[in-house]
Amino acid sequence: MDTAAQEFAAFLNEWTTDPCGAKDVLLRFRDLLAGIEGVSLSYRCRPGVSYSIRATGKAQSKRELFVLVDVVDDDPASRWLSVCFYADLITDPEEKGDWVPEGLFGEDANCFNYDESDPAMEAYIAERLRESAAAACTDGAR
C-alpha cells in the first residue's frame, strides 16, 4: 500500500462523527469502483480540505481520472461527499448534479453532493459511477 493509501486508511479509521452517513456511502462507492474490471484507484489526502479517491479507467490516455470522489473536510464534525465527473462521460437525466464549467482539471464537470442521508441519491450517484467507468474502460474515454 502506498503512502497516500495508508494516509487515507488512517483517515477512515479516525472518522467517527458522521451525521449524514457519508463514510459508509464512500466505502460502498470505493468498493463499487474497485470491483469494476479495468479501474484503478488512487488517493489524495489534504487534511482540512478533502480526502479523495480518484478512479482511472484502462482506456484513458489523456485524463488522469474519470471520477473524483471527495470527502469534504472543512468541518470534521459534518463531512460530506462531492462526486465529480467529466460532463461528457455521464448523463444526468434527473438533473441532480451541479454543472461546473471547467470545474475538473479545466474541463466541464458535473458534480453531485451527498450531504444528507438519502438512499435515492446514493443510488443515483452509483449509477453515474458505473456509467463513467464504462466510458473510461472502453473507447468512450479520452
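**Exercise 1. In which strand is the place of S50? Work out its surroundings.**

The structure is a predicted model, in which local features need pLDDT of at least 70 and side-chain atom pairs count only at pLDDT 80 or more, while totals for chains, interfaces and linings use all residues. Residues are numbered from 1 along each chain as its sequence is written, and side-chain values use heavy atoms, with hydrogens and water left out.

Step 1. S50 belongs to strand β2. Strands (E, at least two residues) and helices (H or I, at least four residues) are DSSP runs, numbered from the N terminus.

Step 2. S50 has a relative accessibility of 3% and therefore counts as buried. Buried means under 20% relative accessible area, exposed means over 50%, and partly exposed is in between (1.4 Å probe, protein chains only).

Step 3. Leaving aside neighbours within four places in sequence, S50 is in contact with R44, C45, D70, V71 and D73. Contact means heavy atoms within 4.5 Å.

Step 4. D74 lies 24 residues from S50 in sequence, and the C-alpha to C-alpha distance between the two is 7.4 Å.

**Exercise 2. Set out the strand order of the sheet and its edges.**

Step 1. The sheet is open and has six strands, in the order β1-β2-β3-β4-β6-β5, with antiparallel pairing. Two strands pair if DSSP finds at least two bridges between them. Strands of a sheet pair through backbone hydrogen bonds, either parallel or antiparallel.

Step 2. β1 (39-46) and β5 (98-104) pair on one side only and are the edge strands.

Step 3. From one strand to the next, the twist averages 25°. For angles, axes are lines fitted to C-alpha atoms, for helices over the stretch in contact, and the angles run from 0 to 180 degrees between N-to-C directions.

**Exercise 3. Describe strand β3 and the strands beside it.**

Step 1. Six of the six residues of β3 are buried, so the strand is largely enclosed by the rest of the structure.

Step 2. V67, V69 and V71 point one way from β3, L68, D70 and V72 point the other way, and all are buried.

Step 3. β2 and β3 run antiparallel and are joined by six bridges. In this pairing, I53 stands opposite V69 of β3.

Step 4. β3 also pairs with β4 in the antiparallel sense, over six bridges. Here L68 stands opposite C84 of β4.

Step 5. S82 lies in β4 and is buried, with a relative accessible area of 12%. Beyond its neighbours within four places in sequence, S82 is in contact with L68, V69, D70, V72, C111, F112 and N113.

**Exercise 4. Which residues of β5 and of the loop between β5 and β6 have a positive phi?**

Step 1. Most residues other than glycine have a negative phi, and most peptide bonds are trans.

Step 2. E102, found in strand β5, has a positive phi of about 55° although it is not a glycine. E102 counts as exposed, at 60% relative accessibility.

Step 3. F105 is in the loop between β5 and β6. F105 is not a glycine either, yet has a positive phi of about 50°. Its relative accessible area is 45%, so F105 is partly exposed.

Step 4. The hairpin of β5 and β6 that holds F105 has two residues between the strands. β5 and β6 (residues 107-114) run antiparallel and are joined by four bridges. L104 has E107 of β6 as its bridge partner.

**Exercise 5. Place the helices against the sheet and against each other.**

Step 1. Helix α1 (residues 3-14) packs on the sheet and touches β1, β2 (50-57) and β3 (67-72). The direction of α1 makes about 70° with that of β1.

Step 2. α2 lies across β1, β2, β3, β4 (80-86) and β6, and runs at about 30° to β4.

Step 3. The axes of α2 (residues 22-34) and α3 (residues 119-136) come within 10 Å and cross at roughly 25°. The two helices are therefore roughly parallel to each other. Angles under 35 degrees count as roughly parallel, over 145 as roughly antiparallel, 65 to 115 as roughly perpendicular and the rest as oblique.

Step 4. The contact is made by V25, R28, F29, L32 and L33 of α2 and by E122, I125, A126, L129 and R130 of α3.
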